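Please look at the chain shown here, first as a whole and then at its cysteines.

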Amino acid sequence: MPIEKTVLGGLTTYVVSEISAGQQPKLALVLCHGYGASGRDLIGLTQAIGIVRPSLLADVIFLYPAAPLDLSDMGIPYGRAWWHIDLDRLLNRPTPELLAQFRRNCPEGMPEARAMLEHLIAAAGEQFGLAADRFVLGGFSQGSMLATDVALRMKEGPAALCILSGALVNEIEWRELAGKHPPLPVLQSHGRQDQILMYPQATALKDLLADAGHDVEFVAFDGGHEIPPVVVHRLADLLERLMSNPERPTEK
């Protein structure tokens with residue numbers, strides 16, 4: 001499967017596409033990887049989606065940006081991050097106060113990462129001839145938090161939001177943004193045994209979005225911090241629906 005390494009909006013991005021030369025994509029899927037992963041971490045999802053729905057590869061372009069922060073000097077070879085996290089404290093010393101703070105606060109470094117992803121969407125839209133409402137924006141873990149933050153601020157688009165093993169952060173601002181944003185199709189998945197981002201952290205985000213009127217498809221599964229086959233199938237279903245019915249809901 002062809003993979004091109006390029007720079008879009010200042011971010012190193014892996015572009016995976018089987019679209020015929022000279023043909024314009026009809027939809028773009030942008031997926032942001034999680035904390036400590038490499039920029040190539042999620043590329044295999046393109047092949048997995050292609051196995052489930054081969055027809056999608058003729059019209060959908062897949063963009064996998066690499067986060068700007070290099071974690072190799074922290075003992076994580078090839079690891080990258082959208083912003084720094086005190087992972088040891090969060091995983092091994094999670095007091096109720098810390099978890100409440102994690103949920104409530106805007107992470108330090110998120111605004112800078114947000115600006116980079118917004119620039120990527122603008123650059124990709126210009127390069128591939130796609131309006132903002134032809135982007136499906138998503139990610140895994142930390143990457144899904146960034147995608148959610150950007151999606152809720154987009155005046156036009158995205159076509160949908162995909163939250164894979166994410167969690168609620170920046171709660172006060174997200175609640176306000178979610179209430180103002182036009183109804184958005186959301187695919188959210190989470191493992192009931194997730195030991196990194198606990199299941200209640202995911203359901204809190206689901207409830208915030210659903211309460212604001214967004215169309216949330218929540219896929220719970222027996223597993224941990226991962227993307228199981230059932231989620232790949234639901235993601236392929238979402239892309240297929242967007243291809244067959246490109247119209248987004250109107251304003252609330």
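The report below goes from the overall form of the chain to its cysteines.

The model is a predicted one, and its chain contains 8 helices and 10 strands. A compact globule with 252 residues would have a radius of gyration near 18 Å, and the chain, with 17 Å, agrees with this expectation. Measured out along the principal axes, the C-alpha trace spans about 55 × 45 × 35 Å. Of the 252 residues in the chain, 52% are buried. Among contacts with a separation of 6 or more, 75% are made by residues that lie 24 or more positions apart in the chain.

Turning to the surface and the charges, the chain exposes about 11,200 Å², of which carbon and sulfur atoms supply 52%. The chain carries 21 positive and 30 negative charges, and the mean positions of these two groups are 2 Å apart.

How many disulfides does a search of the whole structure find? The search finds 0 disulfides. A disulfide is a covalent bond between the sulfur atoms of two cysteines. For Cys32, the closest cysteine sulfur belongs to Cys162 and is 11 Å away, which is too far for a bond, because a disulfide here requires sulfur atoms within 2.5 Å. Cys162 is likewise in no disulfide, and its nearest cysteine sulfur is that of Cys32. The table sets out the accessibility of these cysteines.

| Residue | Relative accessibility | Class |
|---|---|---|
| Cys32 | 0% | buried |
| Cys162 | 0% | buried |

Both residues count as buried because the cut-off is under 20% relative accessible area, and Cys32 and Cys162 have 0%.

How values were computed:
Residues numbered from 1 in each chain as written. Predicted model: local features only at pLDDT ≥ 70, side-chain atom pairs only at ≥ 80, totals over all residues. Heavy atoms only, no water. Buried < 20%, exposed > 50% of the residue type's maximum accessible area, 1.4 Å probe, protein only. Helix = DSSP H or I, 4+ residues; strand = E, 2+ residues; numbered from the N terminus. Rg over C-alpha atoms; globule rule 2.2 N^0.38 Å. Contact = heavy atoms within 4.5 Å. Areas by Shrake-Rupley, 256 points an atom, 1.4 Å probe, with all protein chains shown as cover. Lys, Arg positive; Asp, Glu negative; His and termini not counted. Charge placed at Lys NZ, Arg CZ, Asp CG, Glu CD.
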